[in-house]
Amino acid sequence: MTLADVCAVACAEVFRGDGEILASPMGLLPSLGARLARATFAPDLLLSDGEATLLSVDGEAEGWLPYRAVFDVVAHGRRHVVMGANQLDRYGNQNISCIGPHSRPVRQLLGFRGAPGNTVNHRTSYWVPRHSPRVFVPAVDVVSGVGFDRPGGPFHDVHRVVTNLGVLDFGGPDRTMRLVSVHPGVSVSDVAERTGFPLCVGEVRTTRTPAPAELRLLDSFDPAGAREREVPS
């Protein structure tokens, strides 16, 4: 078992209890997590190839969801996206657009993309492979994804943040970020020192480790071990 395996299981756990909704994981670890959830405790989860085909855990086509229909799913809260973040603040505001003032950025990033619509319309979680004060900041330079200190729609639900150190939710005062688990070998102080704002700490547990069957599934999904390069032990 490696740190990457623990992170994959933590990414899977964000989908627990979601039921029959469209999972839209962005990136390797969130994708492994979604497949692991579907193969184990979330059999109703819908997986997509990112275009128009719904897939089984084994990658075989099992349904059709054309692009024009995705917006109906998005607008009615029947989707759970896991995005990345260049910056996150304590309220869950996310920045993937630029570093520095939007009018004159120091560094141009991905852009707003679908982040505003995702966060106000359906459940959103985040995957951060390197937990640091550069990511977890007192205030984001530009709001791409909408946090809890701003108006959201009826399905606005920033759910979890999974990092290489632990898992956070928004159960702190005024829906602020709260540490809920640390990965094996990580301390609460490790997380606090690498967070750029005072972190709410509740009853922190240790993130669960993968069962042997889950490890076998992860190896079958990622036989080349690419997850170890994203999250080195």
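Two strands count as paired if DSSP finds at least two bridges between them. Keep that cut-off handy for the exercises below, which all work on a predicted model.

**Exercise 1. Work out how β11, β12 and β13 are joined, and which residues face each other.**

Step 1: Start with β11 (residues 157-163) and β12, which have 2 bridges between them and run antiparallel. The cut-off is at least two bridges, so this counts as a pair with 2 bridges.

Step 2: Look at what links these two strands. β11 and β12 make a hairpin, with 2 residues between them.

Step 3: Move on to the next partner. β12 is joined by 4 bridges to β13 (residues 178-182), again in the antiparallel sense.

Step 4: Now pin the register on Val 167. Val 162 sits opposite Val 167 of β12, and in β13 the bridge partner of Val 167 is Ser 181.

Step 5: Check the side chains of β12 (residues 166-169). Gly 166 and Leu 168 point one way, Val 167 and Asp 169 point the other way, and all of them are buried.

**Exercise 2. Lay out the sheet that contains β3, and say which strands stand at its edges.**

Step 1: Write down the order. The sheet is open, has 3 strands in the order β2-β3-β4, and pairs antiparallel.

Step 2: Read off the edges. β2 (47-48) and β4 (61-64) each have a single partner strand, so one side of each has no neighbour in the sheet.

Step 3: Zoom in on β3 (residues 53-55), which is tied to β4 by 3 bridges. Here Leu 54 stands opposite Gly 63 in β4.

Step 4: Follow the chain from β3 to β4. This hairpin has 5 residues between its strands, and Gly 59 takes a positive phi near 85°.

**Exercise 3. Find two residues whose phi is positive although they are not glycines, and place them.**

Step 1: Recall the background. Most residues other than glycine have a negative phi.

Step 2: Take Arg 113, with a positive phi of about 50°. Arg 113 is found in the loop between β9 (107-108) and α4 (115-121), and its relative accessible area of 64% makes it exposed.

Step 3: Take Asp 174, where phi is positive at about 60°. Asp 174 belongs to the loop between β12 and β13, and its relative accessibility of 63% counts as exposed.

**Exercise 4. Describe how α2 packs against α6.**

Step 1: Get the geometry. Two packed helices are described by the angle between their axes and the distance between the axes. For α2 (residues 28-39) and α6, the angle is about 130° and the axes are 10 Å apart.

Step 2: Classify it. That angle makes α2 oblique to α6, and the crossing is right-handed.

Step 3: List who meets whom. From α2 come Leu 32, Arg 35, Leu 36 and Ala 39; from α6 come Glu 214, Leu 217, Leu 218 and Phe 221.

Step 4: Sort those residues by type. The contact of α2 with α6 has 6 nonpolar, no polar and 2 charged residues.

**Exercise 5. Decide how enclosed α1 is, and trace its link to Gly 33.**

Step 1: Count. In α1 (residues 3-13), 9 of the 11 residues are buried, so the helix is largely enclosed by the rest of the structure.

Step 2: Name some of them. Among the buried residues are Ala 8, Cys 11 and Ala 12.

Step 3: Ask what lies over the buried residues of α1. The cover includes α2, β10 (123-128), β11, β12, α6 and α7 (226-230).

Step 4: Pick up Gly 33, which is found in α2 and counts as buried at 0% relative accessibility. Leaving aside neighbours within four places in sequence, Gly 33 is in contact with Ala 8, Cys 11 and Ala 12.

**Exercise 6. Characterise the surroundings of Thr 209.**

Step 1: Place it. Thr 209 is found in the loop between β14 (200-206) and α6 (212-221).

Step 2: Judge the exposure. Thr 209 has 37% relative accessibility, which makes it partly exposed.

Step 3: Gather the contacts. Not counting residues up to four places away in sequence, Thr 209 touches Met 1, Val 6, Pro 184 and Glu 214.

Step 4: Add a distance. Thr 209 and Pro 184 are 25 residues apart along the chain, and their C-alpha atoms are separated by 8.2 Å.

Definitions and conventions:
Residues numbered from 1 in each chain as written. Predicted model: local features only at pLDDT ≥ 70, side-chain atom pairs only at ≥ 80, totals over all residues. Heavy atoms only, no water. Buried < 20%, exposed > 50% of the residue type's maximum accessible area, 1.4 Å probe, protein only. Contact = heavy atoms within 4.5 Å. Axes fitted to C-alpha atoms, helices over the stretch in contact; angles between N-to-C directions. Parallel < 35°, antiparallel > 145°, perpendicular 65-115°, else oblique. Left-handed = near helix turned anticlockwise from the far one by under 90°. Nonpolar A, V, L, I, M, F, W, Y, C, P; charged D, E, K, R; others polar.
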